[in-house]
Amino acid sequence: LNSNITVQDFKNEFVAYASATISSRLRSFQFRFLHRITLTNVFAHKIGLIEDPSCTFCGNEAETMMHLFWNCTYVQIFWHRVFQFTQSEYGLHTVLNNKNALLSCDINLLNLLCICAKQYIYFCKTVKKRPSIVEYVQRVQNLRSIEQAIAEKNNKMHYFNRKWQGL
């Protein structure tokens, strides 16, 4: 991320993502992301799986983790729209930068929405299509519905409401 991250900051990331979501799929993705074991075109090229290490979305630069999840022009546009969505839908006003998007912050719901966005970016990479805010919002709404159903079943609506109410 080109930023100074202490050992304690890194440890805090694991606490943050575990408390952000009950989704094992999202937790698994965030674990792989934090350990830098998500497959990029640069790595796939290095081990001989593909011939071209260029970005799946823009094709202009080598697809490193930083480029795939932050620096790509198409991903930048997507992140801008994600942060607009978090502000309009949940009242989450935060600075759009790579640390807030790719690492955790003090707001559980924002952490969850950013993990969802990263997982969606990676999904789009695997199916070779550019990220769409419309599809992302649908995924967030589906996740919210699933978490609500689980909270109702387990009589934990107070946790659900506190998490999803925003600010």
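Arg36 in this predicted model counts as exposed, since its relative accessibility is 58%, and a value over 50% is what the term requires. The residue lies in the loop between α2 and α3, and although Arg36 is not a glycine, its phi is positive, at about 55°. A comparable backbone setting is found at Asn155, which is likewise not a glycine and has a positive phi of about 55°. Asn155 belongs to the loop between α8 and α9, and with a relative accessible area of 67% it is exposed.

The helix that Arg36 follows is α2, whose buried residues are Leu26, Phe29, Gln30, Phe33 and Leu34. Because these residues cover an arc of only 130° around the axis, they fall on the same side of α2.

A further exposed position is Leu49, with 57% relative accessibility, in the loop between α3 and α4. Leaving aside neighbours within four places in sequence, Leu49 is in contact with Leu39 and Ala44. The C-alpha atom of Leu49 is separated by 44 Å from that of Gln165, a residue 116 places away along the chain.

**The nonpolar core**

In soluble globular proteins, nonpolar side chains tend to be buried together. Here the largest nonpolar core has 45 residues, and the members that touch the most others are Phe69, Trp79 and Tyr136. The elements that give two or more residues to this core are α2 (24-34), α4 (65-71), α5 (73-90), α6 (98-102), α7 (108-127), α8 (133-153) and α9 (157-164). Among these, α7 provides the largest share, with 12 residues.

Which residues does Trp79 touch, not counting those up to four places away in sequence? The list consists of Phe69, Trp70, Leu96, Ala101, Leu102, Cys114, Ala117, Lys118 and Ile121, so that Phe69, itself one of the three core members with the most contacts to other members, is also a direct contact of Trp79.

**Aromatic rings and charges over them**

The structure holds 15 aromatic pairs. In one of them, Phe85 and Tyr90, the ring centres are 5.9 Å apart and the planes stand at 90°, so the pair is edge-to-face; the angle is to be read against the limit of over 60 degrees that this class requires. Phe85 counts as buried at 11% relative accessibility, and Tyr90 is buried as well, with a relative accessible area of 9%; both values are to be read against the limit of under 20% for burial.

Ring pairs also link Trp70, Phe78, Trp79, Phe83, Phe85, Tyr90, Tyr120, Phe123, Tyr136, Phe160 and Trp164 into a cluster. Two of its members, Trp79 and Tyr136, were named above for their contacts within the core.

Arginine side chains are placed over two of the rings. The charged end of Arg139 sits over Phe123, 4.4 Å from the ring centre, and Phe123 is itself a member of the aromatic cluster. Arg130 lies over the face of Tyr74, at 3.7 Å from the centre of that ring.

**Salt bridges**

A search of the whole structure finds three salt bridges, which are set out below with the separation of their N and O atoms.

| Basic residue | Acidic residue | N to O distance |
|---|---|---|
| Lys125 | Glu63 | 2.8 Å |
| Lys129 | Glu135 | 2.6 Å |
| Lys163 | Glu147 | 2.7 Å |

Why does the salt bridge of Glu63 and Lys125 tie together parts that are apart in sequence? Glu63 lies in the loop between α3 (41-46) and α4, whereas Lys125 is in helix α7, so the pair ties together parts that are 62 residues apart in sequence. Both Glu63 and Lys125 are buried.

The salt bridge of Lys163 and Glu147 links distant parts of the chain as well, with Lys163 in helix α9 and Glu147 in helix α8, 16 residues apart. These two residues, Lys163 and Glu147, are also buried.

Are the partners in the remaining salt bridge, Lys129 and Glu135, buried or exposed? Neither word applies, because Lys129 counts as partly exposed at 30% relative accessibility, and Glu135 counts as partly exposed at 28%.

How values were computed
Residues numbered from 1 in each chain as written. Predicted model: local features only at pLDDT ≥ 70, side-chain atom pairs only at ≥ 80, totals over all residues. Heavy atoms only, no water. Phe/Tyr/Trp six-rings, centres within 6.5 Å; stacked < 30°, edge-to-face > 60°. Buried < 20%, exposed > 50% of the residue type's maximum accessible area, 1.4 Å probe, protein only. Lys NZ or Arg CZ within 6 Å of the ring centre and 35° of its normal. Core = buried A, V, L, I, M, F, W, Y, C linked by side-chain atoms within 4.5 Å. Helix = DSSP H or I, 4+ residues; strand = E, 2+ residues; numbered from the N terminus. Contact = heavy atoms within 4.5 Å. Arc of directions from axis to C-beta. Salt bridge = Lys/Arg side-chain N within 4 Å of Asp/Glu carboxyl O.
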